Amino acid sequence: MSTTLDLHSHSEASEDSRAPLEAYLNWLKLRRAERPVDGVVLTEHRQFNKDADYRALEDKFGILVLKASEVETDYGHVLVFGVNDEMTRRFDFANVHLPAQEVIDEVARMGGVAIPCHPGRPNVGLCEHYAKKPPLENVIAVEVLNGGSRKGEDERSVELARSRGYRSIGGSDSHLVSLIGLCATRFEAEIRTIEDLVRELKSGEYAPVDFRPRRKPVPHATPVEVKQA
Amino acid sequence: MTVDYDPALIGRVFETTEPVPVTAEQIAAFCAAINETNPIFTDEAAAKAGPFGGIVAPPSFAVTFRNGRHFFEHIPRYGKQGFDAGKDVEFVTPIRPGDAITLNSHVKEIYEKTGRTGSMVFVIVRSTLTNQKGEVVAHVDHRFMNRP
């Protein structure tokens with residue numbers, strides 16, 4: 001049984017989002033045909049909400065809710081899955097200058113997985129940092145589909161993953177209710193817990209999936225002959 | 001937190017305004033300006049039968065109260081550039097004609113983040129509105145972005 005998860009989303013717990021989790025889940029329920037997502041991972045900015053309990057909402061909507069974090073490093077933003085007390089003691093998640101290599105290595109050692117997100121984005125993506133600094137080691141995957149990407153950013157991410165041999169994930173990076181689930185990652189295995197997710201990200205089979213509607217091409221204007229009076 | 005600031009800044013009220021009286025006429029003028037037609041805001045009889053037992057101001061009336069003249073002088077700045085990055089308003093108690101509203105302002109939070117355009121430092125200043133009975137009627141969080 002496969003599982004499709006939006007691996008990157010922000011609820012109102014992030015300072016730049018106004019989206020309540022319940023509204024996300026309700027939207028996904030209503031849009032199930034267009035965005036067949038089985039669950040969402042809340043990756044709140046620079047924090048991890050250890051005590052947040054979403055089981056009642058999971059039961060109400062039948063959608064899996066997992067918790068992770070998006071931290072900021074000297075190589076851009078990084079999603080951290082499988083956050084535990086050892087990680088939050090080791091790193092100040094509010095620090096926007098965390099050392100990326102240490103984050104990747106230490107998170108792995110502590111049982112999680114750290115994945116650079118939107119690498120094609122200026123300033124906060126891997127591509128720009130790789131142009132100036134040595135590449136990071138032990139990167140297993142990057143986010144190549146991001147719902148907040150501008151033109152060309154996802155293409156740069158795909159090229160980075162191809163050239164470096166990184167695996168690929170997708171996430172909506174939603175800060176607004178209507179954007180949840182637009183990009184996601186399909187896993188071959190069933191995922192019910194954050195431990196399942198970390199295991200699959202490290203060694204399972206998965207691929208990014210894009211549910212963004214295709215834009216219709218703008219029709220060419222037909223010249224109209226203007227008759228002189 | 002990596003942005004440098006004096007922790008004593010947080011929570012210390014730096015400004016308290018003089019009480020501003022609220023009248024039914026002001027509320028009616030505000031309703032006319034925003035095309036609010038619900039009679040509980042303007043018609044005494046309808047308001048009396050409504051959920052608040054009398055005329056109240058529409059919730060957004062809370063944002064019409066101005067901060068003091070020296071408000072901006074007390075906001076910590078980082079770098080040379082910045083802008084007003086928005087406001088969050090939490091409504092607590094209805095404002096009624098006859099109220100006298102006072103604003104108390106303090107720095108609620110300072111944090112740094114990075115984005116497409118570079119580093120940013122955000123300063124959140126909270127203005128708490130209270131009435132003459134000391135009841136909080138609303139909180140207004142002003143979000144200021146600085147480019148360090």
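Chain A and chain B each give ten residues to their contact. On the side of chain A that touches chain B, four residues are nonpolar, four are polar and two are charged. The model is predicted. The points below turn to chain A, its sheet and two of its helices.

**Sheet of chain A**
- Seven strands of chain A make an open sheet with mixed pairing.
- The strand order is S5-S4-S3-S2-S1-S8-S9.
- S5 and S9 of chain A are the edge strands, and each pairs on one side only.
- From one strand to the next, the twist averages 30°.

**S2 and S3**
- Strand S2 (residues 39-45) of chain A runs parallel to S3(A), and seven bridges join the two.
- A:Thr43 has A:Ala68, in S3(A), as its bridge partner.

**Helix H4 on the sheet**
- Helix H4 (residues 100-109) of chain A packs on the sheet and touches S3, S4 and S5 of chain A.
- The direction of H4 makes about 145° with that of S5(A).

**Helix H7 and its buried face**
- Helix H7 of chain A spans residues 194-203.
- Its buried residues are A:Leu197, A:Val198, A:Glu200 and A:Leu201.
- Viewed down the axis of H7(A), these buried residues fall within an arc of 165°, so they line one face of the helix.
- The buried residues of H7(A) pack against six named strands of chain A: S3 (64-73), S4 (76-81), S5 (113-116), S6 (141-146), S8 (183-187) and S9 (206-210).

Technical notes
Residues numbered from 1 in each chain as written. Chains lettered and ligands numbered in written order. Predicted model: local features only at pLDDT ≥ 70, side-chain atom pairs only at ≥ 80, totals over all residues. Contact = placed C-beta atoms within 7 Å. Nonpolar A, V, L, I, M, F, W, Y, C, P; charged D, E, K, R; others polar. Buried ≥ 20, exposed ≤ 12 C-beta atoms within 10 Å, placed from the backbone. Helix = DSSP H or I, 4+ residues; strand = E, 2+ residues; numbered from the N terminus. Arc of directions from axis to C-beta. Pairing = 2+ DSSP bridges. Axes fitted to C-alpha atoms, helices over the stretch in contact; angles between N-to-C directions.
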